[in-house]
Amino acid sequence: MNKKIKLSLLGTLIAGSALAVTLPIVSCSVSTDVAVTATPDVTLATAAMKEYVQGKNNLSAQNDIVTEGNIITDTNGTIFTKLVSAAAFVEKDTTTAAKDAVLSFEVTTGTTVTAGAPITGVILTVHLRDGYSTDAPIKIVLESLGNGFAEVVPPTAK
């Protein structure tokens, strides 16, 4: 082969390799996600979670809900819908509601429920569905969720 063809092939190989590395990086960095913002209504979110937790008639079930790592999805019923409504999601720079943006709520700071003691310190983090993004993690710091279930022991007969 003559020198011109060798250099031409070498140049093509180098340019092709550079493009093969660069193009995927560039295409991955461009996001087509719908940007959303949220202004959580802590009072509404707390009321929804309080109703959910207080609806359980034993400490174990209450603990399951407020344990770190517990995830609340649309399979959990009305609590999910109430939390989505309390978060007031909108598409960034518009007034279009983005209620379908939420995948789940995760208890990222949990607590242990004690019988008759206040349930406090629970923080929820919102996880978005694919196709949605936000500038910063969306967290909801809940107020007191009432008291832990206290079993009523009937008086003993004398």
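# Exercises on strands and helices

Valine 36 of strand 1 stands opposite glutamate 91 in strand 3. The model behind these exercises is predicted.

## Exercise 1: the three-stranded sheet

Task: work out the order of the sheet that holds strand 1, and say which strands stand at its edges.

Solution.

Step 1. Take strand 1 (residues 34-38) and strand 3. They pair in the antiparallel sense over three bridges. Valine 36 faces glutamate 91 in this pairing. Threonine 37 has valine 90 of strand 3 as its bridge partner.

Step 2. Turn to strand 6. Two bridges join strand 1 to strand 6, and these two run parallel. Valine 34 has tyrosine 132 of strand 6 as its bridge partner.

Step 3. Combine the pairs. The three strands form an open sheet in the order 3-1-6, with mixed pairing. Strand 3 (89-91) and strand 6 (132-133) each have a single partner strand, so one side of each is left without a neighbour in the sheet.

## Exercise 2: the four-stranded sheet

Task: trace the sheet that contains strand 4, pair by pair.

Solution.

Step 1. Start with strand 2 (residues 71-72). Two bridges join it to strand 4 (residues 102-109), and the two run antiparallel. The bridge partner of isoleucine 72 is phenylalanine 105 in strand 4.

Step 2. Move on to strand 5 (residues 123-128). It pairs with strand 4 over six bridges, in the antiparallel sense. Threonine 109 stands opposite isoleucine 123 in strand 5.

Step 3. Write the order. The open sheet of four strands reads 2-4-5-7, with antiparallel pairing. Strand 2 and strand 7 (138-141) are the edges: each has a single partner strand, so one side of each lacks a neighbour in the sheet.

Step 4. Add the helix. Helix 4 (residues 78-87) lies across strand 2, strand 4 and strand 5. It runs at about 90° to strand 4.

## Exercise 3: helix 2 against helix 3

Task: describe how helix 2 and helix 3 meet, and which residues make the contact.

Solution.

Step 1. Pick the two descriptors. Two packed helices are described by the angle between their axes and the distance between the axes.

Step 2. Read them off. The axes of helix 2 (residues 42-54) and helix 3 (residues 59-66) come within 9 Å and cross at roughly 145°.

Step 3. List the residues. Helix 2 supplies Met49, Tyr52, Val53 and Gln54. Helix 3 supplies Gln62, Ile65 and Val66.

Step 4. Sort them. Five are nonpolar, two are polar and none is charged.

Step 5. Check burial in helix 3. Its buried residues are Ala61, Gln62, Asn63, Ile65 and Val66. These pack against helix 2 and strand 4.

Step 6. Look at the start of helix 3. There, a side-chain oxygen of asparagine 58 comes within 3.2 Å of the backbone nitrogen of serine 60.

## Exercise 4: the whole chain

Task: summarise the chain by its elements, burial, contacts and exposed area.

Solution.

Step 1. Count the elements. The chain has four helices and seven strands. Along the sequence they follow the pattern α-β-α-α-β-α-β-β-β-β-β.

Step 2. Take burial. The chain has 158 residues, and 26% of them count as buried.

Step 3. Take contacts. Consider those between residues at least 6 apart in sequence: 69% join residues at least 24 apart.

Step 4. Take the surface. About 10000 Å² is exposed, and carbon and sulfur atoms supply 60% of it.

Conventions
Residues are numbered from 1 along each chain as its sequence is written. This is a predicted model: local features need pLDDT of at least 70, side-chain atom pairs count only at pLDDT 80 or more; totals for chains, interfaces and linings use all residues. Side-chain values use heavy atoms; hydrogens and water are left out. Two strands pair if DSSP finds at least two bridges between them. Buried means under 20% relative accessible area, exposed over 50%, partly exposed in between (1.4 Å probe, protein chains only). Contact means heavy atoms within 4.5 Å. Accessible areas come from the Shrake-Rupley method with a 1.4 Å probe; for residues, only the protein chains shown count as cover. Axes are lines fitted to C-alpha atoms, for helices over the stretch in contact, and angles run from 0 to 180 degrees between N-to-C directions. Ala, Val, Leu, Ile, Met, Phe, Trp, Tyr, Cys and Pro count as nonpolar, Asp, Glu, Lys and Arg as charged, and the others, Gly among them, as polar. A polar contact is a pair of N or O atoms within 3.5 Å; within protein, one must be able to donate a hydrogen and the other to accept it, and residues adjacent in sequence count only if both atoms are side-chain atoms.
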